Amino acid sequence: MYREVRVTLAHELGCTSPVFSAKFADTNTVGKRIRYCIDQAGCGFNSQIYAVGDGASWISEQVDKQFGTQATYLIDFYHVSEYLSAASHECANDRSQKWLHAQQQLLKCGHYTTVLDNIKNYAIVN
């Protein structure tokens, strides 16, 4: 039987003592644990929160539910690279590796809107 453990880690910028939570639980319960970890890490109402995950929609939904506009959800580089790799075969069939590396470089330089445009341009043409 497969069960997914959902892990949360929170810390203030520069802090070396993070707060952890790990649960075999539904997404709403994990959302509350995310809130708990953030609160225990010392984030307040004026804190800007950056949540990082694998791109699962439930994480984005829970971050929005728990923190609203106070938080920004980001997909980690490893997972976004996996998603771009899958897209590369459609967006640049004969040069997929070159296209993937170009998109990764754009992301590393903070040009995520260009990456999104590159994908949208392919979707519009096809």
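Over the ring of which residue does the charged end of R6 sit? The legends below, drawn from a predicted model, begin with this arginine.

**View 1. R6 with W58 and E4.** The ring of W58 lies beneath the charged end of R6, at 4.6 Å from the ring centre. R6 also forms a salt bridge with E4, in which the closest N and O atoms are 2.9 Å apart. R6 is buried because its relative accessible area, 18%, is under 20%. E4 counts as partly exposed, at 36% relative accessibility.

**View 2. The salt bridge of R35 and D39 in helix α1.** Both residues belong to helix α1 (residues 27–40), where they are four residues apart, about one turn of the helix. Their side chains meet in a salt bridge with an N to O distance of 3.3 Å. R35 is partly exposed, with a relative accessible area of 23%, and D39 is likewise partly exposed, at 36%. The count of salt bridges in the structure comes to two.

**View 3. F24, its surface patch and R3.** V5, V7 and F24 make a nonpolar surface patch of about 290 Å². Within this patch, V7 lies in strand β1 (residues 6–10) and counts as exposed, at 58% relative accessibility. The ring of F24 has the charged end of R3 over it, 4.3 Å from the ring centre. Aromatic pairs number zero in the structure.

**View 4. S21 and its contact with R33.** S21 is found in strand β2 (residues 19–23). The side chain of S21 makes a polar contact with the side chain of R33, at 3.1 Å. S21 is buried, with a relative accessible area of 7%.

How values were computed: Residues are numbered from 1 along each chain as its sequence is written. This is a predicted model: local features need pLDDT of at least 70, side-chain atom pairs count only at pLDDT 80 or more; totals for chains, interfaces and linings use all residues. Side-chain values use heavy atoms; hydrogens and water are left out. Patches are made of residues with over 30% relative accessible area and no salt bridge: like charges are joined within 9 Å, nonpolar side chains (Val, Leu, Ile, Met, Phe, Trp, Tyr) within 5 Å. Accessible areas come from the Shrake-Rupley method with a 1.4 Å probe; for residues, only the protein chains shown count as cover. A salt bridge is a side-chain nitrogen of Lys or Arg within 4 Å of a carboxyl oxygen of Asp or Glu. Helices (H or I, at least four residues) and strands (E, at least two) are DSSP runs, numbered from the N terminus. Buried means under 20% relative accessible area, exposed over 50%, partly exposed in between (1.4 Å probe, protein chains only). Rings of Phe, Tyr and Trp (its six-membered ring) pair if their centres lie within 6.5 Å; planes under 30 degrees apart count as stacked, over 60 as edge-to-face and the rest as tilted. A charge sits over a ring if NZ of Lys or CZ of Arg is within 6 Å of the ring centre and within 35 degrees of the ring normal. A polar contact is a pair of N or O atoms within 3.5 Å; within protein, one must be able to donate a hydrogen and the other to accept it, and residues adjacent in sequence count only if both atoms are side-chain atoms.
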